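Hi everyone, thanks for coming. Let me put the structure up, and then we'll walk through a few of its features together.

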Amino acid sequence: MITNETNGFSSTASRSKRTILLYVLLVLISVFIATNSFTSHSSSIATWTQIGILSDFVHSVVVSIWIGGLMYILYVLFPNVIAISKNISGKTTQIISQPKSIVLLILSRFSVVSTISVGLVGITGLTMAWLHLQTLDELLLSNYGRTLIIKLSLVLPVIVLGGYNQFWIGRITKDLDFERENKSGPSKTRSSEKLSSLNKTVKIECILAASVLCAASFLTVTSPPVVTQDNDIIKSIAKGEMIPEKQSDFKRELETQGIPIVLVISPFVTGFNNFTINVLGINGDMGQISNVSMEFRKTDLSLGPIYAQLVRNNDTAYSAYGGYLSQAGEWDLKVTIKRSNLYDLNYRLSITVNNSADSMHQQHHVDTVETQNPSNEPSIFTPMVISLSVIMAALSTYFCINALNRMQVVQQHLGIRD
């Protein structure tokens, strides 16, 4: 009697330690995801910054739970379901621990999690797209918009397959009768065939989900689209044209190895800016430029390094657009110009960035055209985003309620009570 009580106490203590370890891991992972969210594209938008960071954080967390759960079911549950059922049978006789029963129980519980996750992924994803895209041209013509379209085209079949799996889990729940071990053979065969089919569709869903993650990784390193007026500024600076007077920018001439360049940052505020580099050296002396990049790092080492690849506008001008100066304060910048068969050119400088153009301090100015902040304008996608978010919330709630009802049925058949 004492031995049984001791074993029970030891088992309870072991479960408590595992539970504590699980929560510690969850907190550490959440901190890691939150750190990424604070340095993401959403942290650099001019308005709705807190909403953008929160949406990015929630989006990353629920995607990890959803896709991580799918991977667990495919690569851990299905291959080891027989061993799991034997382990349960050896510890308790309160439930019927047939392999099919265990699979159905776990799938039913995960269905609740996945339906909630899909709803949150959809709503937060739409919110972030709404924050970064203002016009249809930005969606269809920018690299960011096209990458987002590719990601959405991969997400759609994943959601469809998830709905298909939900349907088959419901069918299997109705077909299996756990209280009758002498049930007719054909019905058992049908249930086994359905579970086998479910295994295949989950495998396809996992492959597509991995593709979605690949597309998302490209999206994180692709700068959101530039508004038309900002594009005009880049082209004018690259051509050396005079820009009408209105708003202050940053301009600095740098020189190394006898090769001067001009760096222009417009509008030079925290958030998204245009970065343009004009190489003033003679082409024959410069050699063939193969790559121009910039590195951004906070002087206090609280952020960075952040890298930006500049796009060639003509023989001497290169530009990039992005939220690389996402925080106010002092930044260390490094410009690297790679040349074929010649040494690289490295330019370094320190700049102080303030929250607005009106509060700039001790910085060189050039006159540029006044540009509107796209984040201050209402997006044309606002009605569509609101409608789709409401639809996603309604569908997620509907499927979640069905999943909860289905889980209760399975638990009743297995003799489990919460």
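Let's start with the open sheet: five strands in the order 2-3-4-8-7, paired antiparallel. Here strands are DSSP E runs of at least two residues, helices are H or I runs of at least four, and both are numbered from the N terminus; two strands pair if DSSP finds at least two bridges between them. Strand 2 (250–256) and strand 7 (311–312) are at the edges with a single partner strand each, so one side of each has no neighbour in the sheet. Strand 4 (residues 271–279) and strand 8 (residues 317–325) pair antiparallel over seven bridges, and Ile-277 sits opposite Tyr-318 in strand 8.

A quick word on the source: this is a predicted model, where local features need pLDDT of at least 70 and side-chain atom pairs count only at pLDDT 80 or more, while totals for chains, interfaces and linings use all residues. Residues are numbered from 1 along each chain as its sequence is written, and side-chain values use heavy atoms, without hydrogens and water.

Now the inside. The largest nonpolar core (buried Ala, Val, Leu, Ile, Met, Phe, Trp, Tyr and Cys joined through side-chain atoms within 4.5 Å; buried is under 20% relative accessible area, exposed over 50%, partly exposed in between, with a 1.4 Å probe and protein chains only) has 32 residues, and Trp-66 is one of those with the most contacts inside it. Helices 2, 4, 6, 7 and 10 each supply at least two residues of this core. Apart from it lies another core of 30 residues, including Phe-250 and Leu-349.

Finally, Ile-20 is in helix 1 (residues 2–38), and it counts as exposed because its relative accessibility is 55%. Thanks, all!
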